[in-house]
Amino acid sequence: MIGESVPRLEDRPLLRGEGRFVADIDLPHQLHMRIVRSHAAHGTITSIDAAEALAVPGVAAVWTGADVADVPPIDFRQVGADQMVPYRQPILAQRRVRYVGEPVAAVFAADPYTAEDGAERVVVEVAELPPVLDAAGPLGDFDERLDTEAYVFTEATGDVEEAFARAEHILEAEFRVGRHTGVPLECRGAVAAHHRDTQTLEFLGAAKVPFQNRDALAQMLGLPPSRVVLREAHVGGGFGVRGELYPEDVLVALAALRLGRPVKWIEDRQEHLVAANHSRDQLHRLRVATDARGVIEGLEVEFVSDQGAYVRTHGATVATLAAAMLPGPYRIPNYRVTGRVRLSNKTPAGTYRAPGRYESTFVRERAMDAVAAELGIDRAEVRRRNLIGSDEMPFERGIDALGTPVVYDSGRYETMLDRVLDHIDYSALTESLAERRAAGELVGLGLGFFVEKSGLGPFAGSRITVDGSGRVTVTTGEASVGQGFETVMAQICSDVLGVGLDSISVVHGQTDQMSYGMGAFASRATVMAGTATHDASEALRQRAIEAAAEMLEASADDLVMADGAVSVAGSPAQAVTLGEIASALGPASPLARGRPGLVAEEWYTTSHMNYPYGLHAGVAALDPDTGRLAFERYVIAYDVGRAINPMLVEGQIVGGAAQGFGGALFEDFSYDEIGQPQATTFMDYLMPTAAEMPDLEILLSEDAPSPLNPLGVKGAGEGGTNACGAVVAAAIDDALGRPGAVTSLPVTPERLHAMCRSLAATG
Amino acid sequence: MNAERVELTLTVNGEPRAVAVEPRKTLADTLREDCGLTGTHLGCEHGVCGACTVLVDDEPVRSCLMFAVQCSGVEIRTVEGLADGDRLHPIQQAFWEHHGLQCGFCTPGFLMLATSVLEARPDIGDEELREVLASNLCRCTGYQNIITSVHAARDQMRP
């Protein structure tokens, strides 16, 4: 069952229109919330007049910052630090507004149309202050005491000064990655009710990290965690953005408590584009020291991460990951990086698929191309000379990320390079591209090698139960964001128990169903919950066989398990089904011996991440008249250690790549000179459609299983996205015959058109 | 605001549905809230993403850009009307077999868009089909498996 591309368990209701997304949930007597948002990028609130809104029939309440001043700001979930604490976001603006879209007031009304009517009538006056719109420029004021640099950190390994002192070549460069983000097709939303009979707050529409958000909400609202229940419904895409705890979530929960009625909030798209986490937006300056053969001896990087107006739940996660993963698959023995998390008057930022790696892969691979060009070495060859060898695994980078040392657990990087070069017939391809360029075509090749990280710990649990009908339920505290979590868990369970997938249910994201849980982020679900489910399935199998041995009066060694039953090997008539075993294990049964039920629960803990790796190679033609870049071929090789369901892994890679192309070519949260966001609809924020996507060739490999878990799996969620920016840039350089031409993303058709014109002008 | 409600009867998936809605209420909201047909999803509410695509007299429309009061006397088809009881429509079956969906949020819109084009033009070529499917947005699949699914359904549905 493991390794088979079976169709998904999840799909039937989703195909029939029977899904249950948060907007599909209604509670009796509910109010609808609408947020009034700041129209100014930066300023002091001088007045908020809600009288006209309150006069609208059906409007039940209007809250402003003063009404919720007793609620603390939203805390960090990851990579927090004392210095960043003052920069956390309040759930409604307190006196000062810091970005267009910041929640300023909340209107509660009988239906969503009326809530919008009310919100339109809330008058907010702001005395505007100059906005900070370039985080890499001069610092501004966050408030009367603090400037806009929230956090600075340095990581280093080796002796960087010595490496530069003896270097044959030193290169300097500056690279920028623009501001874009996940933009799931489902906007955010929440429905909450305070059940007075049980004094329990129920919060529906949770996603990604329900258990952590349960604890955070309980703390912010002064409730015991056991009286706060979060429930995940269907989730319309996550990508790092969805499911973090946002101001609106806390307002919904608080309103359910204070107004005594269920409260529902469904975000619209315009809100989403200015209110949900943005991401990327980094400027890197680097110096590279190499020997005569292009081997990088030293790398020194300083970068600014534009965090937007507040530091949200992710703390310094993105900057930390950019710093830690920047050296990628290369040895680079001497490395020093300084990251600066700076605020601006833009929407606050958080993680987005391959956070910190999309950026740092762009930077590193641009640098690798620059070394190749400077020294006149072939681009594949210069990479080969720098790759960490398989005999060097496990490879200690000498720096930390997310509280754990970066230790690459396994990898055969050179094997992957060879496979991809063979697949595209590299020598012949580069020759033919050179011929086509000589004939006037703008066509080029890009390569992007990278290491990903996945399987972030420290724990995941799984409980397997069998009911009297033989139906198996896998319960975890982890989460699904639409990636196929249920199918993958069921496959792992089925592989051990031998029951059919259609006999297995998977429960996730319900905080009253499991004692602990983490969630769906950092490509961790298959690695962490998958391992726990594997272990729990093994334990359940053992328990079933022991009970069956007594029921069949046979030796456990003679029993086999298949098709939902345990039988005596060689005499299939002597058998009991899993349902019969479960029924026989009732609490009063002598068979149970104080441990009732056919049930097993296991917890997998780890302090290390594991490290999948990949290589993208793309051939693109540039149309000088339209600025369109069309990939003729795009190959993604990715090693996930072991693929539980290759079809789903490939789906992750292809979908991830579409997002990678989006950020490289089209998607851009730009702002005008007074901080007004310019991309607030899908007519301005341009995500790729079927017309822009090339047909991808996926080379899935299992060369380097992870030694850190019994399945050998590594996460599959982010490798498709990681290197797209790097490859787009390299292919454009090559097509133009101008190494180093692209130093920033996105390279929009408009920019490409201008580059082609300037090429034509200068010949 | 809070204008008088208008009584009208919609025909959805062949069944009459009597509703009373404000004139400003969109077809999408009416299907979801007044008819209980929540399979039609709202992804942008400004007519770009296509998640809310339904068929009106067999033509695909953005139900976020139509008012319910414009819809009396027309035949509306939604994702809930595709399957025949337990039996999936060939386009649903193809999406299932070819992993044409991940989170499933955009899926009803793509299913309705594909249904309309394959019914109207069973022999549509690959290039044109890609162009039609570029009407809607998906953020999970990268479209490759959606295109594969619709190709498979085309081959299956061809008379």
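**Exercise 1. Two cis prolines in chain A**

Find where Pro746(A) sits, and work out which peptide bond there is cis.

*Solution.* Start with the location: Pro746(A) is in the loop between strand S29 (744–745) and helix H19 (749–762) of chain A. Bear in mind that this is a predicted model. Next, check omega: the bond joining Leu745(A) and Pro746(A) is cis, with omega about 0 degrees. Now go looking for another one. Met393(A) and Pro394(A) are also joined by a cis peptide bond, with omega about -10 degrees. Pro394(A) belongs to the loop between H10 and strand S16 (395–401) of chain A. Both spots deserve a glance, because most peptide bonds are trans.

**Exercise 2. Positive phi outside glycine**

Take Asp425(A) and Asp563(A) in turn: what is phi, and is the residue buried, exposed or partly exposed?

*Solution.* Asp425(A) first. Its phi is positive, about 50 degrees, although Asp425(A) is not a glycine. You'll find Asp425(A) in the loop between H11 and helix H12 (426–438) of chain A. Count the neighbours: 11 other C-beta atoms lie within 10 Å, so Asp425(A) is exposed.

Now Asp563(A). Here phi is near 50 degrees, again a positive value in a residue other than glycine. Asp563(A) is placed in the loop between strand S22 (559–562) and strand S23 (565–568) of chain A. The count for Asp563(A) is 14 other C-beta atoms within 10 Å, so this one is partly exposed. The cut-offs that decide it: 12 or fewer means exposed, 20 or more means buried.

**Exercise 3. A helix pair in chain A**

Describe how H10(A) and H11(A) pack: angle, axis distance, handedness and residues in contact.

*Solution.* Begin with the geometry. Helix H10 (residues 379–386) and helix H11 (residues 413–424) of chain A have axes 10 Å apart and pack at about 165 degrees. That angle makes H10(A) roughly antiparallel to H11(A). The handedness of the H10(A)–H11(A) crossing is left-handed.

Then list the residues. H10(A) brings Ala380(A), Arg383(A) and Arg384(A), which meet Glu414(A), Leu417(A) and Leu421(A) of H11(A). Sorted by class, this H10(A)–H11(A) contact holds 3 nonpolar and 3 charged residues, with no polar ones.

**Exercise 4. A helix pair in chain B**

Do the equivalent job for H3(B) and H5(B).

*Solution.* Helix H3 (residues 107–120) and helix H5 (residues 144–157) of chain B cross at roughly 40 degrees, and their axes come within 11 Å. The H3(B)–H5(B) crossing is right-handed. On the H3(B) side you have Phe110(B), Ala114(B) and Leu118(B); facing them from H5(B) are Ile146(B), Val150(B), Ala153(B), Arg154(B) and Met157(B). The class tally for this contact is 7 nonpolar, no polar and 1 charged.

**Exercise 5. Where does Ser116(B) fit in?**

Is Ser116(B) buried or exposed, and which residues does Ser116(B) touch beyond four places away in sequence?

*Solution.* Ser116(B) lies in helix H3 of chain B. With 20 other C-beta atoms within 10 Å, Ser116(B) is buried. Leaving out residues up to four places away in sequence, Ser116(B) touches Leu55(B), Asp58(B), Glu59(B) and Pro60(B). Take Leu55(B): its separation from Ser116(B) is 61 residues in sequence, while the C-alpha to C-alpha distance is 7.2 Å.

Now zoom out to the domains. The assignment for chain B has domain 1 (6–81) and domain 2 (90–157), and their C-alpha centres are 21 Å apart. In total, 16 residues of domain 1 of chain B contact 12 residues of domain 2 of chain B. On the domain 1 side, strand S3 (53–56) and strand S4 (59–62) of chain B are the elements giving two or more residues. S3(B) gives the largest share, 3 residues. That domain 1 side splits into 8 nonpolar, 6 polar and 2 charged residues.

**Exercise 6. Chain A against chain B**

How many residues does each chain put into the contact, and which helix of chain A supplies the largest share?

*Solution.* Chain A provides 47 residues and chain B provides 46. On the chain A side, helix H1 (11–15), helix H3 (112–120) and helix H16 (646–666) each supply at least two residues. H16(A) has the largest share, with 7 residues. By class, the chain A side has 24 nonpolar, 14 polar and 9 charged residues.

One last look at H3(A): its buried residues are Tyr113(A), Thr114(A), Ala115(A), Asp117(A), Gly118(A) and Ala119(A). Among the elements covering them are strand S1 (31–37), helix H2 (51–54), strand S3 (59–64) and strand S5 (103–109) of chain A.

Terms used
Residues numbered from 1 in each chain as written. Chains lettered and ligands numbered in written order. Predicted model: local features only at pLDDT ≥ 70, side-chain atom pairs only at ≥ 80, totals over all residues. Axes fitted to C-alpha atoms, helices over the stretch in contact; angles between N-to-C directions. Helix = DSSP H or I, 4+ residues; strand = E, 2+ residues; numbered from the N terminus. Parallel < 35°, antiparallel > 145°, perpendicular 65-115°, else oblique. Left-handed = near helix turned anticlockwise from the far one by under 90°. Contact = placed C-beta atoms within 7 Å. Nonpolar A, V, L, I, M, F, W, Y, C, P; charged D, E, K, R; others polar. Domains from an automatic or database assignment.
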